[in-house]
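Dear colleague,

Please find below the sequence and the structure that I am handing over to you. My notes on what was found follow directly after them.

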Amino acid sequence: MTSFHEVQSICPYCAEGCGFYTQVEQGKASNIEYMKKHPVNEGGLCLKGNAVLDIIYHENRIYSPLAKKDGNTFDNISWDEAINAIVSNFKKILKKHGPGSLAFLTSARCTNEENYLFQKLARIIGTNNVDCTSFYEGNLNIVDFSTSFGSACATNPLSDLANSECILISGSNFTDNHPIVSHWVFEAKSRGARIIYIDHRVPSSLLICDHFLQVNPGTQAVLIDGMIIHILEKNLYNKQFIEERTSGFEVLQKSLRKQSLKQVEKISGIPVAKIKEVAEIYASSSTSAIIHCTDFNPQHGNSKGTTNPANLALLCGHIGRTGTGIFPLLEHNNAQGSYDMGVSPHLLPGRAGVKDDIQQKKIAKLWHIKNLPSKGGLSFPEMTKALKRHRIKALYIMESNPLEEHAHADQLKHALKGLEFLLVQDNFLTETAKQADIVLPAVSWAEKTGTYTNTERRVQLQPRIINPQQHTIPNWQVMCDIAKKLGFKKQFSFSNTENILKEITKAVPAYTGISATRVKRTEGIIWPCPTPKHPGTSILYTEHFHTPDGLGKLSPVFYEKKAEKPTQKYPFRLTFGKAPTFYSAAITHLEIKSSTPASSELFVEINPKDAKKINIQNQSEVKISTRLGNVKATACITEKVLPGVVFIPFLPASNNGKILSSVDPRAKIPELNAATCQVKGSGGKQGD
Ligand code: SF4
């Protein structure tokens, strides 16, 4: 007799957190079935979501712990041998160099329970050197939205976009990269909403927008300032909201007196008349929402990119009501949850600062320890520097592959070689894992139970669908085994992930009312959820903001031109963005590749005028060089990009990581769109 059942599942790829059913036949995940009643996607799944089963039975998965034998080869070892080796190395290094010589790096792909335990292990050992490698996103929201609103997250559920009269989208190829969110935007449009779309590239479908503003790369935030200038000049702002719900109005007003719309036109490339037109639409609509993708992360001239849309929403009172709000579209499936869990060198679980006395004491009591480390830890880019200086002696990496995602992969690879001990836990023998002393096989998403928090703050349960394959053990159990042997038996005696979630609800105030039973519901539960009977909070800031005085804070933002200037040698502005079939982790990239082979090639988009000038043929091989390195790509001649601008998609960074530009000093993530480059064709003219 055939055994068959369906399990409610959450897509493990992006932060939209779409639901579907996994069909299980004879103990194997065999197929997916669309879940029409899921509140995020109503049955739809994008290309990545449809390929979700590929990873589970991938032929390259590893199933046994591995120990480095010599330079590049590994031996299979038992779990006992692996845990003993890990613990003995950690103990030796701790004794010799102290807890600050250890660092912990995880991924926003891991569950809340895994990431909670991961940061707990780091902090119990005595260090805040713990971070997440999802550095193309999110960090700025933490910095800027926390200042503006008191919390760093989306304000409304995605489906609420359907209730907006005006939607302002700033996005890298939004319709292709976010088809599920686009669905809600189209729904709003069909009800008469006006859609303003800002990007430096023409989207593949212009159908979605009523107004398309093709800005110069990296100037979206300045354009928003232009809208604010016009709204202030014409008194189009919401006076009552400003008076009752915000602070900082005069400071913002004063700061913008120094800027003119003509200047904004010059910087952004958008004519003054157009800036005025879209400003009036946004301000005068009764409900306006803002969606922004990763392109608001560090931009040359304005690393406070996400403050500008926050100012705009506050100024017009388009926040705290249905159909309004701000939607930062995070990339990794559990980016929001990872921040909530405190996987950060500066934030504890609950997103309080590591120096926050009250939260420190509360967590220390919960964990049965005297003190938590109070010195801020190292962020991932800072860890890289510390590695180079041999200040970090041991590194534990969980399901993250920085050698294929990091901006300066070659330097990092060299630095990893100087470690006394490198531990990597992953599904595959990735480029990073190949450098490790011990590699632990991780279970895939379908073999573990845990919760994920999507971009709308929706906490959803992913129940185990199939048993862990071969010799794999869930990450949480492995961490508990390591911690217990290190002497933290009391703190890590969890018998299942439900127990871990229970502790999370005590550590993270917004999760207090969440329970294993409540997250099982198809709609999950949206935090803040302060009590076990509380229904969750789908719309934030309806009455007050989460700032100390309860007011939304308008903050001045100053434009400083910091990007490299195009020169004769490097005449093009180099821009990056997501491509729909790529995912930043190499592993997923492999899976997507199997369903869409052609999409795996690195391409560069170049305007026909530029291509003619430097004699580049469509589909020919070209070399893109920056001051940091070079890569080869296939030329794609298209009017999607402006003259003087070239675009390449994010790829596993052995490619574009080499030519990314510097790290933003404030957000500690790579600055996008700040570098200039040269494009040279084989047989063509040089850029110089
Ligand atoms: S939009 Fe994101 S969550 Fe939804 S199916 Fe695609 S990758 Fe998965």
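**Findings, beginning with the first sheet**

Seven bridges join β1 to strand β2 (residues 19-25), and the two strands run antiparallel. Please bear in mind throughout that this is a predicted model. One bridge of this pair can be located by residue: H5 has V24 of β2 as its partner. The pair belongs to an open sheet of three strands, ordered β1-β2-β3 and paired in the antiparallel sense. Its edge strands are β1 (4-10) and β3 (28-34), each of which pairs on one side only. On average, neighbouring strands of this sheet are turned by 35° against each other, direction ignored. As background, the strands of a sheet pair through backbone hydrogen bonds, either parallel or antiparallel.

**The seven-stranded sheet and the helix across it**

A further open sheet has seven strands in the order β5-β4-β16-β15-β14-β6-β7, and its pairing is mixed. β5 (74-76) and β7 (130-132) stand at the edges with a single partner strand each, so one side of each has no neighbour in the sheet. From one strand to the next, the twist averages 15°.

Within this order, strand β15 (residues 421-426) and strand β16 (residues 438-441) run parallel and are joined by four bridges. Q425 has L440 in β16 as its bridge partner.

Helix α3 lies across β6 (102-106), β7 and β14 (394-398), and runs at about 170° to β6.

**Two helix packings**

Two packed helices are described by the angle between their axes and the distance between the axes.

The helix that lies across the sheet, α3 (residues 112-125), also meets helix α18 (residues 497-507): their axes come within 9 Å and cross at roughly 65°. That angle makes α3 roughly perpendicular to α18. The crossing of the two is left-handed. On the α3 side the contact involves N112, E113, Y116 and L117, and on the α18 side T497, I500, L501 and I504. Sorted by class, this contact of α3 with α18 has five nonpolar, two polar and one charged residues.

The second packing is between helix α7 (residues 220-233) and helix α10 (residues 261-268), which pack at an angle of about 160° with their axes 9 Å apart. α7 is therefore roughly antiparallel to α10. Here, too, a left-handed crossing is found, with α7 passing α10. From α7, the residues that make the contact are V222, L223, D225, G226, I229 and H230; from α10, they are L261, V264, I267 and S268. The contact of α7 with α10 has six nonpolar, three polar and one charged residues by class.

**The surroundings of the ligand**

Which residues are around the ligand? They are C11, Y13, C14, E16, G17, C18, N41, L45, C46, K48, G49 and I180. By class, the residues of this shell divide into seven nonpolar, three polar and two charged.

**Strand pairs formed by β23**

Strand β23 (residues 621-625) pairs with strand β24 (residues 630-637) in the antiparallel sense, over five bridges. The two are joined by a hairpin through four residues. K623 has K632 in β24 as its bridge partner.

β23 also pairs with strand β26 (residues 676-681), again in the antiparallel sense, over four bridges. In this pair, S625 is bridged to Q678 of β26.

**Two backbone details**

Most residues other than glycine have a negative phi, and most peptide bonds are trans. Two places in the model are worth a look in that light.

The peptide bond from W527 to P528 is cis, with omega near 0°. P528 is found in the loop between β19 (525-526) and β20 (552-553).

R351, although it is not a glycine, has a positive phi of about 60°. Its place is in the loop between α13 (335-340) and α14 (357-366).

With kind regards

Methods. Residues numbered from 1 in each chain as written. Predicted model: local features only at pLDDT ≥ 70, side-chain atom pairs only at ≥ 80, totals over all residues. Pairing = 2+ DSSP bridges. Axes fitted to C-alpha atoms, helices over the stretch in contact; angles between N-to-C directions. Parallel < 35°, antiparallel > 145°, perpendicular 65-115°, else oblique. Left-handed = near helix turned anticlockwise from the far one by under 90°. Contact = placed C-beta atoms within 7 Å. Nonpolar A, V, L, I, M, F, W, Y, C, P; charged D, E, K, R; others polar. Near = placed C-beta within 6 Å.
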